[in-house]
Amino acid sequence: MVYECSRDNLEDLTFRQVIRTPEGFGYMWECPVLFKLDQQVFLLCCPQGVAQDGYKYENVYQNGVFRLTPDADGSWQAADFQELDHGFDFYAP
C-alpha cells in the first residue's frame, strides 16, 4: 500500500493506492522508493521472506526494483523484480 504524508507532519498519513504482485512475493517490502524513468514507474525496495531460487534471492536481505503498471481500479501491478546486488553487504538502497 502506498501512503503519502506532508513533510511538515509525518504522523498525518493518507492512503493513496495498493501495489500488488501476481503471486505472493515475501511478507514485507522494506525501504520503498517510487520513481519514474522515461515515463515508466518503478518501485525500489527490500523484500523480506522471499524463497531462494538457485542464485536468486540467496541473501537474507534482498534488494531490487519492480516495474509498475497501473490497473483499471487505480492500484498498481508490480512485475519483473530485478535484484540489484547478489552480495550480502548491500541493503536499503
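**Strand architecture and aromatic contacts in a predicted model**

Read along the sequence, the protein follows the pattern β-β-β-β-β-β-β, and the model described here is a predicted one. The protein has zero helices and seven strands. Of its 93 residues, 28% are buried. The protein exposes about 6800 Å², and 51% of this area is supplied by carbon and sulfur atoms. Among the contacts that join residues at least 6 apart in sequence, 37% are between residues at least 24 apart.

Five strands make up an open sheet of mixed pairing, in which the order is β3-β7-β6-β5-β4. The edges of this sheet are β3 (19-20) and β4, each of which pairs on one side only. Strands of a sheet pair through backbone hydrogen bonds, in either a parallel or an antiparallel arrangement. In the present model, β4 and β5 are antiparallel and are paired over eight bridges, with K36 standing opposite V41 of β5. The pairing of β5 with β6 is likewise in the antiparallel sense, over five bridges, and here L44 has V65 in β6 as its bridge partner. Strand β6 is in turn joined by six bridges to β7 (residues 76-83), the two strands running antiparallel; in this pairing T69 is placed opposite Q77 of β7. The hairpin of β6 and β7 has five residues between its strands, and within this hairpin G74 adopts a positive phi near 95 degrees.

Positive phi values also occur at two residues that are not glycine. C31 has a positive phi of about 50 degrees and is found in strand β4; with a relative accessibility of 39%, C31 counts as partly exposed. For Q39, phi is near 65 degrees, and the residue is placed in the loop between β4 and β5. Q39 counts as exposed because its relative accessibility, 70%, falls in the range over 50% that defines this class.

A search of the whole structure finds seven aromatic pairs. One of them is formed by F25 and F66 in an edge-to-face arrangement, with 5.5 Å from centre to centre and 75 degrees between the planes. F25 lies in the loop between β3 and β4 whereas F66 belongs to strand β6, and the pair therefore ties together parts that are 41 residues apart in sequence. Both F25 and F66 are buried. A stacked pair is formed by F35 and F42, for which the centres are 5.4 Å apart and the planes are 20 degrees apart. In this stacked pair, F35 is partly exposed, its relative accessible area being 31%, whereas F42, at 18% relative accessibility, counts as buried because the value is under the 20% limit for that class. Ring pairs further link F25, W29, Y57, F66 and F81 into a cluster, so that the edge-to-face pair of F25 and F66 has both of its members in this cluster, as the listed ring pairs define it.

F35 also contributes to the surface: together with V33 and L37 it forms a nonpolar patch, and the three residues have about 240 Å² of accessible area together. L37 lies in strand β4 (residues 28-37) and counts as partly exposed, with a relative accessibility of 49%. Residues in such a patch need over 30% relative accessible area, and F35, at 31%, therefore meets this requirement. In a regular strand the side chains alternate between the two faces of the sheet.

A further buried position is found outside the strands. N59 is placed in the loop between β5 (40-48) and β6 (64-70), where its relative accessible area is 17% and the residue is accordingly buried. When neighbours within four places in sequence are left aside, the contacts of N59 are with D85, H86, G87 and F88.

Technical notes:
Residues are numbered from 1 along each chain as its sequence is written. This is a predicted model: local features need pLDDT of at least 70, side-chain atom pairs count only at pLDDT 80 or more; totals for chains, interfaces and linings use all residues. Side-chain values use heavy atoms; hydrogens and water are left out. Patches are made of residues with over 30% relative accessible area and no salt bridge: like charges are joined within 9 Å, nonpolar side chains (Val, Leu, Ile, Met, Phe, Trp, Tyr) within 5 Å. Accessible areas come from the Shrake-Rupley method with a 1.4 Å probe; for residues, only the protein chains shown count as cover. A salt bridge is a side-chain nitrogen of Lys or Arg within 4 Å of a carboxyl oxygen of Asp or Glu. Helices (H or I, at least four residues) and strands (E, at least two) are DSSP runs, numbered from the N terminus. Buried means under 20% relative accessible area, exposed over 50%, partly exposed in between (1.4 Å probe, protein chains only). Contact means heavy atoms within 4.5 Å. Two strands pair if DSSP finds at least two bridges between them. Rings of Phe, Tyr and Trp (its six-membered ring) pair if their centres lie within 6.5 Å; planes under 30 degrees apart count as stacked, over 60 as edge-to-face and the rest as tilted.
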